[in-house]
Amino acid sequence: MNLFADIRSAVVDALGRMTAEGLLPSGLNLSNVAVEPPRDAAHGDMATNAAMVLAKPAGKPPREIAEGLAARLMDDPRIEGADVAGPGFLNLRLAPAVWQGVLRQVLEAGTGYGRSDIGAGQKVNVEFVSANPTGPMHVGHVRGAVVGDALSNLLAFAGWNVTREYYINDGGAQVDVLARSAYERYREAHGLEPEIREGLYPGDYLIPVGEALKAKYGDSLLDKGEQVWLADVRDFASAMMMQMIREDLAALGVRMDVYSSEKALYGTGEIEAAIEELREKGLIYEGTLEPPKGKEPEDWEPRVQTLFRSTAHGDDVDRPVKKSDGSWTYFAPDIAYHYNKVKRGFDQLIDIFGADHGGYVKRMKAAVSALSNSTVPLDIKLIQLVKLWKNGEPFKMSKRAGTFVTLRDVVEMAGADVTRFIMLTRKNDVALDFDFDKVLEQSKDNPVFYVQYANARINSVLRKARDAGIVVDDATLLAADHSGLAHPAEQALLKKIAEWPRLVEIAARNNEPHRVAFYLYELASDLHGLWNRGNDELQLRFIQEDVAVSQAKIALARSVGVVICTGLGILGVTPVEEMR
RNA sequence: GGCCCCGUAGCUCAACGGAUAGAGCGUCCCCCUCCUAAGGGGAAGGUUGCAGGUUCAAGUCCUGCCGGGGUCACCA
């Protein structure tokens, strides 16, 4: 289905024949042989670097290899031209019918066009969001949630077996803080003055938790010491927070497959087992860390700790897994959790972290490397900050939480579709400006609108055509004679559509869903361009006097629409049919 | 100071190790008897922070600097 992969196969076959004829040595490594769209359309439709890659190992000048390759590729009816250019590129020109055939592929496969099997059914776990259950999700979580979800969609589309997972950090001190904060709201629910001391969570969102605690416990917890109520209130409050977080995620269109609890790891022996596993590999020892080089913390004192020899797996220093009081550091359950993922049989792990967690990448990779004997790759994507803007100035206030802007605020102000798309208009490791005014604007400055508008225009064509009595169902469009689609603007659009399967594979291989958003923008741009040329050149309009000609052109428009809908589906954005 | 990310057109950003580094905004010029002008076409604009290295080929990989951000042992 991937035309570029198909032609690459032809190139590899031709190279094989050259080897058989003794023109090339056998056993050449072809992994770097690529077939890709040239940057400059004047270079033809596709280009291969085969001759340059093989020149050295084959001991022949690149141009000589390229000439031989060209001659053999010309036997392929799909290939109309093969010219050696530059330092040894082989530029290929494909028969128009090949490009027109793309329409049949799209109209046959529908939104399955571009689906790939490069994932080969491998099990991949995508862990994302993993916010502490101490309050509503805020802006900082939105981007990670969207990237994780879109990446999951993308990988599934490319043939991976994907599990979306949320790791609930409910085992640390911050849930105790939550409990104490909720307890004050519980007192408040009884008409007492809450004491929201420094360090507690002040947000109004805990008021309902206080009410619920009152409903459940009546006044039985009042005037009791913390040791009486802390555990119960903690569990109760964090469960309510998780409920709220699930609803927040749902509002953004994100659904998790698995929620894993940090707390649930304690007391089950899982942490101990994971550390024991490392110990058996000789990676756990009692020792003292050197103080950080250069800038030594004020209160530094040498201390004997239980350490994980993460330096054996690429980390810079070894990392403590136990505190001096013998309890686990936060890292220990993280190790156990990742070990758990390895044991569940995932072939590949992906973590989506905030950029402020960049310091944990090496140690986490070291742990997974150690525990999986380097068999399970862990890719960690760091998500940079989102800066909110409104009316030309930074937007910080939230009516709901007071101190921070929540996910809900963003979704309610911008809508889930717009929010999701914009969050994917930057690579994950670059900071992103989210301007409420701009993202809601209906103009070409706004990429969401721009892409949606292209789709709306296509639907408009289909409506008009139907009104004119032209049959435009996919089966009819599929059967139409597409050979008239020869104008450069039409061919350009066909080629762009042909790139979609390749784009999917590249994006999936690199775990980079933003590429889909950029592609859709380019595809929409080509559509708008063709559309506008129809203003001057009537023969480029989709709807013509001749029904058969119309159907061919509408097949092109419809195919663009299919790809836009497919791409938006991967991003988790609902296509807009009409934009009145 | 160590480590991580970023540095590309005036601005915001793309570019699986491939050819003459691309879009959008902004600036300038132009296009509505026409399926949605909520759009489109064109011009100008670059030593890809600097210096080396690897490679047939480097914005991309390696080393060292410069600048910005993040992070740095019993917090998660």
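Me: What is the relative accessible area of Arg344?
Reply: In this predicted model, local features need pLDDT of at least 70 and side-chain atom pairs 80 or more, while totals for chains, interfaces and linings use all residues, and side-chain values use heavy atoms without hydrogens or water. Residues are numbered from 1 along each chain as written, with chains lettered from A and ligands numbered from 1 in written order. Arg344 is classed as partly exposed (between buried, under 20%, and exposed, over 50%, with a 1.4 Å probe and protein chains only), because its relative accessible area is 30%.

Me: How far is the C-alpha atom of Arg344 from that of Asn125?
Reply: Arg344 sits in the loop that runs between helix H10 (331–343) and strand S11 (348–354), where helices (H or I, at least four residues) and strands (E, at least two) are DSSP runs numbered from the N terminus. Although Arg344 and Asn125 are 219 residues apart along the chain, their C-alpha atoms are separated by 9.8 Å.

Me: Which residue's side chain makes a polar contact of 2.6 Å with the side chain of Arg344?
Reply: Leaving aside residues up to four places away in sequence, Arg344 touches (heavy atoms within 4.5 Å) Lys123, Asn125, Glu165, Val258, Ser260 and Tyr337. A polar contact is a pair of N or O atoms within 3.5 Å, which within protein must be able to donate and accept a hydrogen respectively, and for residues adjacent in sequence both must be side-chain atoms. The Arg344 side chain has one such contact, of 2.8 Å, with the side chain of Asn340, and the contact of 2.6 Å joins it to the side chain of Glu165.

Me: Which helix gives the most to the surface near RNA strand B?
Reply: RNA strand B is surrounded by 65 residues, the closest being Glu36, Lys323, Ser324, Tyr360 and Gln442, where near means that a heavy atom of the residue lies within 4 Å. Helix H2 (50–58), strand S4 (89–94), helix H15 (447–467), helix H17 (488–509) and helix H18 (514–536) each supply at least two residues of that surface. With eight residues, the element that gives the most is H18.

Me: What share of the atoms of RNA strand B within 4 Å of the protein do sugar and phosphate account for?
Reply: On the phosphate side, a polar side-chain atom of Arg39 lies 2.6 Å from a phosphate oxygen of the RNA strand. Bases are approached as well, since one base nitrogen is 2.8 Å from a polar backbone atom of Glu301, and a base nitrogen is 2.7 Å from an N or O atom in the side chain of Arg303. Of the atoms of RNA strand B that come within 4 Å of the protein, sugar and phosphate account for 56%.
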